[in-house]
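Open the model in your viewer and keep the sequence panel beside it. We shall begin with one element and work outward from there.

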Amino acid sequence: MTSRSKTEVRKTLRAFALELVVYAALVVIYFFAVLHFLGGWLVQLETHHIRVYAVVAILLIIGQAVVLESVTTGLLRLLRGGRSE
Amino acid sequence: MFFPISHAHVSPIYLVVVGFVIGVLGGFFGVGGSFIAGPALRLVGIDWNFAVGTDLAHIVGKSVVAAKRHRALGNVDLHLGLIMALGTIVGAEMGAQLIQMLTRAGNVNFVVSIISIVIYVTISTFMMWESWKTLARQRRFPAGANSTALARKSDHSAFEHVTKAIQRWRIPPMISLRESGVTISLWIILLVAFVGGLCSGFLGGGAGYIRMPAMVYVLGIPTHLAVGTDLFEIIISASYGTFSHAIKGNVDILIALVMNTGAAIGAQLGAISTQYFAGPKIRLLFVPLPLIGAAIVLYTMFSGHKL
């Protein structure tokens with residue numbers, strides 16, 4: 001491995017470790033802020049309106065994925081100086 | 001943490017870590033990761049029907065992240081993915097009905113465990129034989145010291161003669177897949193998708209462990225494109241599977257949402273990593289994964305852990 005590619009790998013790993021720390025903090029906030037409030041409402045939906053629950057479940061998981069993808073891509077880009085890969 | 005929908009006590013850190021690991025594997029291999037996620041959820045005492053349905057919901061989220069990344073890398077054949085989604089949905093519905101039937105009969109855990117072990121071991125054995133043979137042939141007849149991304153994406157398989165024979169079946173209508181460079185009968189695509197869907201609905205997950213190898217070996221799609229297209233197709237089919245399982249009361253969306261936070265970052269990492277590996281190497285690295293799933297199912301069966 002050349003010294004240039006070693007530096008590149010080191011940079012990538014450092015950026016990734018930093019991303020993990022920032023991301024972990026965001027996830028903890030997310031757990032307490034969102035899931036705590038959503039929990040009761042989702043249980044009610046699941047018990048009384050199962051079809052609405054099914055649709056809401058899909059929308060929630062897709063919505064969360066799109067937001068998380070944007071967050072992780074944005075974080076990677078930010079931490080690696082404009083490049084995401 | 002208590003999850004009131006499935007009435008389960010599970011550590012959120014465990015779920016995030018499982019999600020992350022499955023995210024990396026999914027982004028790299030184009031699989032839903034149900035062979036790990038299903039048993040991993042069972043391991044903490046979640047019933048198979050909830051494990052199957054919740055895992056499907058988590059897979060939708062993870063596949064959105066990974067497919068978006070693969071699309072940016074040029075690894076998604078949208079035309080093929082949309083056609084396959086049709087066959088998969090029909091198969092997934094049949095699989096979900098089978099699960100319901102077995103749940104009513106009261107032997108869902110035993111039957112699903114045995115069938116999953118047989119399928120996981122068969123896939124691993126076949127892929128090990130094929131990728132090993134392909135890599136040995138490449139070592140004997142090297143194509144040159146070309147290590148560009150394009151060269152890494154070019155694909156060969158020891159099973160190629162069978163794939164070519166299947167492609168020669170001219171059952172109309174024939175479909176030309178420009179992005180994958182393949183012309184094949186629509187019915188063969190639908191059959192592959194149907195079998196994948198059946199496994200998805202029955203065993204849980206996106207059934208990428210069936211579909212990704214089938215796309216490579218039966219349809220002749222290059223491995224990198226099979227990985228990306230499979231993920232795209234999984235979004236559609238797993239969404240349908242999630243809906244189907246949710247109305248049957250088999251989905252704990254809170255567990256899926258927690259798992260997805262780990263999967264989002266893992267899936268990006270896995271997808272980016274595919275750029276550095278050739279097709280046969282990706283297939284060889286895939287081999288241990290279904291075996292790990294089989295081992296976990298065997299462990300839970302023999303340890304009597306709520307199976």
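Select residues 253–273 of chain B, which form helix α11, a helix being a DSSP run of H or I with at least four residues, numbered from the N terminus, as a strand is an E run of at least two. The 21 residues of α11(B) should span 30 Å at 1.5 Å a residue, and the end C-alpha atoms are 29 Å apart, which agrees; the expected span is 1.5 Å times one less than the number of residues.

This is a predicted model, in which local features need pLDDT of at least 70 and side-chain atom pairs count only at pLDDT 80 or more, while totals for chains, interfaces and linings use all residues. Residues are numbered from 1 along each chain as its sequence is written, and chains are lettered from A and ligands numbered from 1 in the order in which they are written.

Next, centre on B:Gly262, where α11(B) bends by about 35 degrees (the angle between axes fitted to the seven residues ending there and the seven starting there).

Now show the surroundings: 19 of the 21 residues of α11(B) are buried, so the helix is largely enclosed by the rest of the structure. Buried means that 20 or more other C-beta atoms, placed from the backbone, lie within 10 Å of the residue's own.

Then select B:Ile253, which, leaving aside residues up to four places away in sequence, touches A:Leu42, A:Ala57, A:Leu60, A:Ile61 and B:Ala57, contact meaning C-beta atoms, placed from the backbone, within 7 Å.

Finally, colour all of chain B, whose secondary structure comes to 13 helices and four strands, and whose C-alpha trace spans about 55 × 40 × 35 Å along its principal axes.

Note on methods
Two residues are in contact if their C-beta atoms, placed from the backbone, lie within 7 Å. A residue is buried if 20 or more other C-beta atoms lie within 10 Å of its own, exposed if 12 or fewer, and partly exposed in between; C-beta atoms are placed from the backbone.
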